[in-house]
Structure formats: C-alpha cells, structure tokens
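Let's take a friendly tour of the pockets in a protein model. Have the structure open beside you as you read, and look for each residue as it comes up.

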Amino acid sequence: MLSIEGLVAGYDRLEVLHGLDLAVAAQQAVTVVGANGAGKSTLCRALSGLIKVRAGSIRFDGQDITHASTSARVRAGVIQVPEGRQVFPQMTVLENLALGAFVHGAPRDADLDPIFALFPILRERRDKHAGMLSGGEQQLLALARAMMSRPRLLILDEPSQGLSPKAVALVADAIAEIRRRGVAVLLVEQNLALATAVAQVAYVLENGQSLTHGPAEDILSGSLVADSYLGH
Ligand SMILES: Nc1ncnc2c1ncn2[C@@H]1O[C@H](COP(=O)(O)OP(=O)(O)OP(=O)(O)O)[C@@H](O)[C@H]1O
Ligand SMILES: [Mg+2]
C-alpha cells in the first residue's frame, strides 16, 4: 500500500534522510524505532508532505505521491497524528472531532457513532474542553480526530509521549483496533511495549537510513534495538 524508495529529505542545508526504503502492506501496522534525532519525525513530515522530498519516491496505492500537496495526500487517505498530539485545548471534544471531519464536510452523527464506539470515553467527554482531558484522553482524542478524516494509512508520531503505562495500554488497544478495522498504520515509537503490542513489522532507523527490518517481535526484542537506544 505504501512504498518508499531511496527517500532523501531534510531542512535547509541539513540532509536528515539519506535514501530510506520502507514499505507498509494493506491492513498492516509497521513501527519505526530509532534513537533521538535518527529522523523519525522527519520521515513522518516527508510522508504527509510537510517537507519536500529531495530524491527518491513515495507510492501510495500505486499512485506516485512523492510531490503531491498535503491536501491531496489527506484526500487520498494519508492522515498524520503529529508529535505532541496538538488537540485544541480551548475547543470541546466534539469541536476537535469536527475538525477531523472537515476534509469531508461537517460531521454527522453517522460519522461520530463508530468513533464513539471505538472511544467510549470521548462520548462521555464530548462537551468538555480538550484541555480538561487527561494526557491519555487527549491522545485518544487525537486518534479519534484522525479517524474522522477516514484514513487509509494512519501515521502516528510517538503517541506514547508523556503518558503513564496505563494510558499507553489504552492507546495501544485503540491503535490495534483501528488496524483491525482495516486502516494501515505507520507507528513511530520509542515505547517498546506499545510498538510490540501494535506492530507486525519493525524497522530500525539509524542516521536517516533503515538499518534493518523484519517481524516486530524479533526486531524489537533484539540487541540491535537496545544498541540503537543507547545511541551506538
Ligand atoms: N524543523 C527543523 N529544522 C531544522 N532541523 C530539524 C528540524 N526538525 C528536526 N531537525 C533535525 O533533524 C534531525 C532529525 O530530527 P527528527 O525530529 O526527525 O528526529 P527523531 O528521530 O524524530 O527524534 P526524536 O526521537 O527526538 O523525536 C535532527 O538532527 C534534528 O535536529
Ligand atoms: Mg521525533
């Protein structure tokens, strides 16, 4: 479904990704792990079109989206939940969800029902300001908002950031269920518990390149991952 070949991207004079290859199959969750600064968020930004691709290609569903606009990618179903969640604290849960549906017009109850079935806590909190929610609830809201955009590929940049182990487990359950509903997932994660719970395939990123990849359970329990976290 997603096929990245020889991806080169960066910022001004800094090249961060130096020819990255990565693939995500339909209905699959792929996790990308790697040390701080390895280029994980840069990969997410290049995929959603927030930074320009300098070389290489990104194909999504057989379509070349290497240089497509951000909005064209969103319409094609490539939806990102950025680092740090970025829900709007002064807006209600319902208003935040409406923003996610904006791509398709105003949300109807028909859109909200399956979302609330997946995230029952958000139905209870629907009229609360997002800023009043716990960190875990805000992450669930960010996921729910992304689901309102009807993703075919969901890109998640460190959804466990700042969450308690209990909240991480809730987020893991939600992501696993989203995948079971047929959405492919690209999960950038430093939290091995979450990555292991969700992903079938894992990539280790080092210095802007894919060092290795394989079945998530093998890669995530391997010494290479321990090494890459230690910054070797
Ligand atoms: N907006 C930016 N402008 C310039 N350089 C940046 C920018 N964002 C990131 N970088 C640099 O690009 C490199 C890769 O950063 P990136 O954020 O992709 O790493 P990461 O793997 O997501 O790290 P982390 O685990 O800390 O989130 C780093 O050297 C970083 O300093
Ligand atoms: Mg990052």
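## Helix H7 and the second largest pocket

Among the elements lining the second largest pocket, H7 is the top contributor, giving five residues. Keep in mind as you explore that this model is predicted.

How big is this second largest pocket? Its volume is about 230 Å³. The lining is made up of 16 residues, and those closest to the centre are Ile121, Gly136, Leu140, Ala167 and Leu170. To trace the walls on your screen, look for helix H5 (120-124), H6 and helix H7 (165-180), as each of them supplies at least two lining residues.

What kinds of residues face this space? By class, nine are nonpolar, four are polar and three are charged.

## The largest pocket

Now turn to the largest pocket, with a volume of about 470 Å³. Its lining has 19 residues, and Ile79, Gln80, Pro82, Arg145 and Ser149 are the ones that lie nearest the centre. Four elements are worth finding here: helix H2 (70-76), strand E6 (78-81), helix H3 (93-101) and helix H6 (135-148) each give two or more residues to the lining.

Which element gives the most to this lining? The answer is E6, with four residues. Sorted by class, the lining of the largest pocket holds twelve nonpolar residues, six polar ones and one charged one.

## An element to look at again

Finish your tour at H6, which supplies at least two lining residues to the second largest pocket and gives two or more to the lining of the largest pocket.

Terms used: Residues numbered from 1 in each chain as written. Chains lettered and ligands numbered in written order. Predicted model: local features only at pLDDT ≥ 70, side-chain atom pairs only at ≥ 80, totals over all residues. Heavy atoms only, no water. 1 Å grid on protein atoms, 1.4 Å probe; cavity = no way out; pocket = protein on both sides within 12 Å on 5 of 7 lines; lining within 4 Å. Points joined across faces, edges and corners; volume = space filled by probe spheres on them. Nonpolar A, V, L, I, M, F, W, Y, C, P; charged D, E, K, R; others polar.
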